[in-house]
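This report introduces a protein model to a reader who has not met it before. Please consult the sequence and the structure shown here while reading the sections that follow.

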Amino acid sequence: MRLFCVFLLALLDSKGAALVLDAGRSHFSSNSCRKCERPSNYRRQNNSLQMVLREPDLGFTIKRKEISDTSTIGTLKVPSVGIGTISWSSSSLRKIENENVKELISTACNADAAFFDTAERYGGNMKAALGLGWGETEKLTKRYIDEAIRENGLPRLKPVVATKFTPSPWRTTAKSVVEACEQSIQRLGVDKIDLYQLHMPDIVQPLSAFGLESTKDEIYWDGLAECYERGLVSNVGVCNYGPTLVTRCHEALAKRGIPLASNQIGYSLIGRHSGSQETLDTCNALGIKVMAFFPFAMGLLTGKYSTETNSNLQTKNTSLTANKKTSLEVRDLKKYIEGDGESLPKGGIEPLIKVLNTIAIRRNKTIAQIALNYIVCKGAIPIPGARTSEQVTDNIGAMGWRLSPTEVAMLELEADGLGIGFEGAGFKRTSEKFVGYGVEKWQLN
């Protein structure tokens, strides 16, 4: 049945799609001669078909149509791929500095791709883990945006910074949201925050085991509204809200004449389960922009952990341990890479990586760029974390073009055929958070 669907999708592609079959798996490619893209031919090598790209000899120069690749979040115009800052922290215990972050921000500003998603609690070292690095990433972001503008001038597309309020048991009033917002304003060095978000539902309930649970979500919505009405923020958003909660928040803010601009959730090609796709659909219907964290499924969808050799993939081959993964993260990610024959099929996500790679070769893109562009095609803004300017440069390559509807369908068909959903690895999870006394969970319902 899947094979029949594959051929049917190919025949329906108005742009002339064809298929290459390798060992019983379906792999999308193009065998057309389009004016706007390279044609593809094939040769047999090592008992499999290999794609060879050649420029068409048409006797004239083709002018490719460029896509102005920006998206709208409330009143903001932002690049269609953002930059996550969760791993940023100062390399010094005494100063706010990090040369890698400086270079990264400069690269993003120069490329009109400066949309940074941060939070008051973000930081990648032990200080943040112990609660000592509060606001450090916000300060880093402010410092190096200022330096980039001072050295290179203001970009054509204004840099945008989104930050977040962290729900906590001791933050019990709307005023606490306003006060936290004012502190973020000071750290970011702005008069008004571009996008201010609630980091998650009010799940931190240390006394719930004793029947003393009291959620403060509606109180926090009032706090967002006060920030907006006082002119402290230009737009407000939430994170990790499912269809029901995001609709309630949308309606509560609308009663005060305030639009809910965004909702940030875990979403990727293998992360559309457990309410994520339903949440995206609901937000799209309500005019709420979805921002997608874990767009690479913690690196799985970049191909860098693939069991294939580096020469066969449009990526840079890198081991798990070389990417600063913890032992718990390595253990969990290996399940997706190799499969266990029980909860995950043997071979893991390798069949999907092959399809991603086929499309990547055809389009002269990296596997990571295909994974990001898929999310853009679904109407969301991916927020991949980045540590280096090289990563930002590669992510920028996901903009300015779009996958065809058939390519999107092919990717989803292969991903759904795996029968798995990405949940995260180690303590980094799509729907739960380690909060000191234990793990609290939420559902996108």
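## A link from helix H6

Glu 229 has a relative accessibility of 45% and therefore counts as partly exposed, in a model that is predicted. This residue forms a salt bridge with Arg 256, with 2.8 Å between the closest N and O atoms. The pair links distant parts of the chain, 27 residues apart: Glu 229 belongs to helix H6, while Arg 256 lies in the loop between helix H7 (243-254) and strand E12 (260-266). Arg 256, at 34% relative accessibility, is likewise classed as partly exposed.

Helix H6 itself spans residues 217-229 and lies across strands E9 (160-165), E10 and E11. Its direction makes an angle of about 170° with E10.

## The parallel sheet

The strands beneath this heading belong to an open sheet of eight, arranged in the order E7-E8-E9-E10-E11-E12-E13-E14 with parallel pairing. Strand E7 (83-84) and strand E14 (380-382) are the edge strands, each pairing on one side only.

Within the sheet, strand E10 (residues 195-198) pairs with strand E11 (residues 236-239) in the parallel sense, over three bridges. Gln 197 stands opposite Gly 237 in E11.

## Salt bridges across the chain

How many salt bridges does a search of the whole structure find? The search finds 22. One of these joins the side chains of Arg 402 and Asp 69, at 2.7 Å from N to O. Arg 402 lies in the loop between helix H12 (389-396) and helix H13 (405-418), and Asp 69 in the loop between strand E4 (48-53) and strand E5 (70-73), so the pair ties together parts that are 333 residues apart in sequence. Arg 402 is partly exposed, at 29% relative accessibility, whereas Asp 69 is buried, with a relative accessible area of 10%.

A salt bridge also forms between Arg 429 and Asp 332, whose closest N and O atoms are 2.7 Å apart. This pair links distant parts of the chain, with Arg 429 in strand E16 (residues 428-429) and Asp 332 in helix H9 (residues 327-338), 97 residues apart. Is each partner buried or partly exposed? Arg 429 counts as partly exposed because its relative accessibility is 23%. Asp 332 is buried, with a relative accessible area of 5%.

## A salt-bridge network

Salt bridges can also be followed through a group of residues. Lys 102, Arg 143 and Glu 147 are linked in a network of such bridges.

Terms used:
Residues are numbered from 1 along each chain as its sequence is written. This is a predicted model: local features need pLDDT of at least 70, side-chain atom pairs count only at pLDDT 80 or more; totals for chains, interfaces and linings use all residues. Side-chain values use heavy atoms; hydrogens and water are left out. Two strands pair if DSSP finds at least two bridges between them. Helices (H or I, at least four residues) and strands (E, at least two) are DSSP runs, numbered from the N terminus. Contact means heavy atoms within 4.5 Å. Axes are lines fitted to C-alpha atoms, for helices over the stretch in contact, and angles run from 0 to 180 degrees between N-to-C directions. A salt bridge is a side-chain nitrogen of Lys or Arg within 4 Å of a carboxyl oxygen of Asp or Glu. Buried means under 20% relative accessible area, exposed over 50%, partly exposed in between (1.4 Å probe, protein chains only).
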